[in-house]
Amino acid sequence: MPYPTTEQYMEALQFPSKHLKDVELANAKVESTGMGLPFARSGGFALTFKLIGPGKSWALRLFQKDRVGDKLGERYGAISRGIKSCGLPYFVEFSFLPAGISIQTQTYSCVKMGWAEGTVLGTYIEKNKRNKAALLQLRQNIQKMAADMERVGFAHGDFQTDNLLVSASGGLKFVDYDAFFVPEIAGLGAIEVGYPNFQHPERGKLKPFDNKMDRFSYLVIDSALNALISNPDLWDKASADPQGLLVRASDFASPHTSVSFHALALDPNVGTVYKRLAAVCEGKYADVPLLSDFLAGKGPAALNLKPISTITSSQSTKNSSASVGSTYQTNTSQVISGDNFLAAKGAGGRFVEIVGFIKNVDTRPTKYGSPKVFLIFGTVSGNSVYIPIWAEGIANLNAAGKSVGAQSKGEWVSVTGMMDADFATGSWSRTGITVVDASQINFISEAEAKRRLTSKTATSVTSFTPSTPAQTTALNSAARNAQIAAQAKAAASKSSPSSSTYKKSPAPRKSPARSSYSSSPSRTNSYSPAPKSSGGGLSTGTWIAIGIGVLILISLFNGG
């Protein structure tokens, strides 16, 4: 069954009382962006919206596509019954609404969940990496959660740093139950295999659906907490971030060639733990031990990880891994360069990662006096990819120890989330990702940005696949205009100083994966036209003028 588009869902949620069938949701207010549009969080195969009621808030998940064998009603009904009856404190209210939203003449199913307040696990660990007491408590709470989940035979199915919230008091709440396992639905099979940075290498191939799915995730997260409690400097030495902690999918796939595993194996306090974790990676999915058994020393024997002589231990772990052929793993569908306006515009409504160099920052308040920060990968007034952060996002970032503002100019950044619809003025347009949660944004090194932008999931203009006729036309026009612009530039370089003057402004710091197509010219041109040739043909200067005119048209074209 085809589901509504992102735009149709957003249009409907501007009038919740008209389109939502659940009474509580129908009378709630939908969280909006600074531009007044419903704010959507995207993940998996559904959009998530926050609805705010009197004294209580909910998460509304609206589906975007069908998957073979989903049997959503049966699956979510069993999950709802399971978490209500188990008595564990790690879940929010959860119910499946078979006819929860109406759009035009059709009704569609959706999921209603209680809204959990807290900090996502990855951001919490990053913020508290030097707070030994906080990490000790967190580690103890996660160990207890692992034991409780094993006792009732449940598995979250995608246990990772974005799917567990930590409250101010240290309480834990799971979110996103799409891959959840309860014994009642064992025969339905898996519809997800989890984020690779927290999954055993065999899981993607075997696609198991059982109560063992979270075991490897617990080992990875507990080992990282143990290491940071012992030595907080390991976070920076490993170039860690909330999406991957100290070791990642590429390390799991080949522990013997992993710089991360070898560097951690040399640590006197946690070396043995990571040698044993490496051994689990090389073993079978079915043999992944319980966290309690792993902590007790049970499981496969530690691997003998000898130092890698060709790479110095002082190098950044992730950057070194890239040099030996590792593949960057992201939980999004693709990585888009901040310079790639066309690809970003074509990704509207999809969950993506933007990696780019911040060229400009706009900190002017909104017309209502509220604070805002726009991180802009291009010009302030021109076709650009940007990151809008409104008052709530600024507050959440500050609470997580991540400040943004004028000082962010000149930084490399990674931002994940759903690509907004483009915002257009008369002469230019912008598109980007609205940041609300601190986990969405991470400042990274130039080398790490290059690694992500050259990964298999990265999209360049030449590799961008258009999904509509308009995008096809735009892509073809961009390629042709780039060719014309190159010819005009070549003509300018051959013209004599007496007939034309070509001035090039200082080149901005270049993105490591800058595409050949730029949405706005990065140079200024001035010229004095030479007289026409005696033969009546166009002079070199005139051809230059035509080339410059084409560049201007390119900029205007991309604003449409």
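In this predicted model, Ala424 is the bridge partner of Ser429 in strand S17. The two residues belong to an antiparallel pairing in which strand S16 (residues 423-424) meets S17 over 2 bridges. A hairpin of 4 residues connects S16 to S17. On its parallel side, S17 is joined by 3 bridges to strand S14 (residues 384-389), and there Tyr386 has Gly432 as its bridge partner. Strand S17 covers residues 429-432; Ser429 and Thr431 point one way, Arg430 and Gly432 point the other way, and all are buried.

**Strand pairings**

The table lists pairings found in the model, with one bridge pair for each.

| Strands | Sense | Bridges | Facing residues |
|---|---|---|---|
| S16 and S17 | antiparallel | 2 | Ala424 and Ser429 |
| S14 and S17 | parallel | 3 | Tyr386 and Gly432 |
| S4 and S6 | antiparallel | 5 | Leu62 and Cys110 |
| S5 and S6 | antiparallel | 7 | Phe94 and Met113 |
| S8 and S9 | antiparallel | 3 | Val166 and Leu172 |

Strands of a sheet pair through backbone hydrogen bonds, in either the parallel or the antiparallel sense.

**Strand S6 and its partners**

Strand S6 is mostly covered, with 7 of its 9 residues buried. It pairs in the antiparallel sense with S4 over 5 bridges and with S5 over 7 bridges. In the first pairing, Leu62 stands opposite Cys110 of S6; in the second, Phe94 stands opposite Met113 of S6. S5 and S6 also form a hairpin, with 2 residues between them, and Gln104 in the turn has a positive phi of about 60°.

**Helix H4**

Strands S4 (56-63), S5 (94-103) and S6 (106-114) are among the elements that cover the buried residues of helix H4, and helix H6 (132-152) is another. H4 itself spans residues 72-86; its 15 residues reach 21 Å from the first C-alpha to the last, close to the 21 Å expected at 1.5 Å a residue. The buried residues of this helix are Leu72, Arg75, Tyr76, Gly77, Ala78, Ile79, Ser80, Gly82, Ile83 and Cys86. An α-helix has 3.6 residues a turn, so residues three or four places apart point the same way. Just after H4, Gly87 takes a positive phi of about 80°.

**Thr48 in strand S3**

Thr48 lies in strand S3 (residues 46-53). Its relative accessibility is 12%, and because the limit for a buried residue is under 20%, Thr48 counts as buried. The side chain of Thr48 makes a polar contact of 2.9 Å with the side chain of Arg61. Setting aside neighbours within four places in sequence, Thr48 is in contact with Phe39, Ala40, Arg41, Ala59, Leu60 and Arg61.

**The nonpolar cores**

In soluble globular proteins, nonpolar side chains tend to be buried together. The largest nonpolar core of this model has 106 residues, and Phe91, Phe174, Tyr177 and Tyr274 have the most contacts inside it. Helix H8 (residues 215-230) gives this core its largest share, 10 residues. Apart from it lies another core, of 25 residues, which includes Ile394, Met419, Val435 and Ile441.

Which residues does Tyr177 contact, once its neighbours within four places in sequence are left aside? They are Tyr76, Ile79, Ile83, Tyr90, Phe91, Val92, Phe94, Met113 and His156. Among these, Tyr76, Ile79 and Ile83 are buried residues of H4, while Phe94 and Met113 are the residues that stand opposite each other across S5 and S6.

**The open sheet S7-S8-S9**

Three strands form an open sheet in the order S7-S8-S9, with antiparallel pairing. Strand S7 (119-120) and strand S9 (172-174) stand at the edges with a single partner strand each, so one side of each has no neighbour in the sheet. Strand S8 (residues 164-166) is joined to S9 by 3 bridges, and Val166 stands opposite Leu172 in this pairing.

**The protein as a whole**

The protein has 19 helices and 19 strands. Of its 560 residues, 54% are buried. The exposed area is about 24,200 Å², and carbon and sulfur atoms supply 54% of it. Among contacts with a separation of 6 or more, 66% are between residues 24 or more positions apart.

Note on methods. Residues numbered from 1 in each chain as written. Predicted model: local features only at pLDDT ≥ 70, side-chain atom pairs only at ≥ 80, totals over all residues. Heavy atoms only, no water. Expected span 1.5 Å × (residues − 1). Buried < 20%, exposed > 50% of the residue type's maximum accessible area, 1.4 Å probe, protein only. Contact = heavy atoms within 4.5 Å. Polar contact = N/O pair within 3.5 Å; in protein donor to acceptor, adjacent residues only side chain to side chain. Pairing = 2+ DSSP bridges. Core = buried A, V, L, I, M, F, W, Y, C linked by side-chain atoms within 4.5 Å. Areas by Shrake-Rupley, 256 points an atom, 1.4 Å probe, with all protein chains shown as cover.
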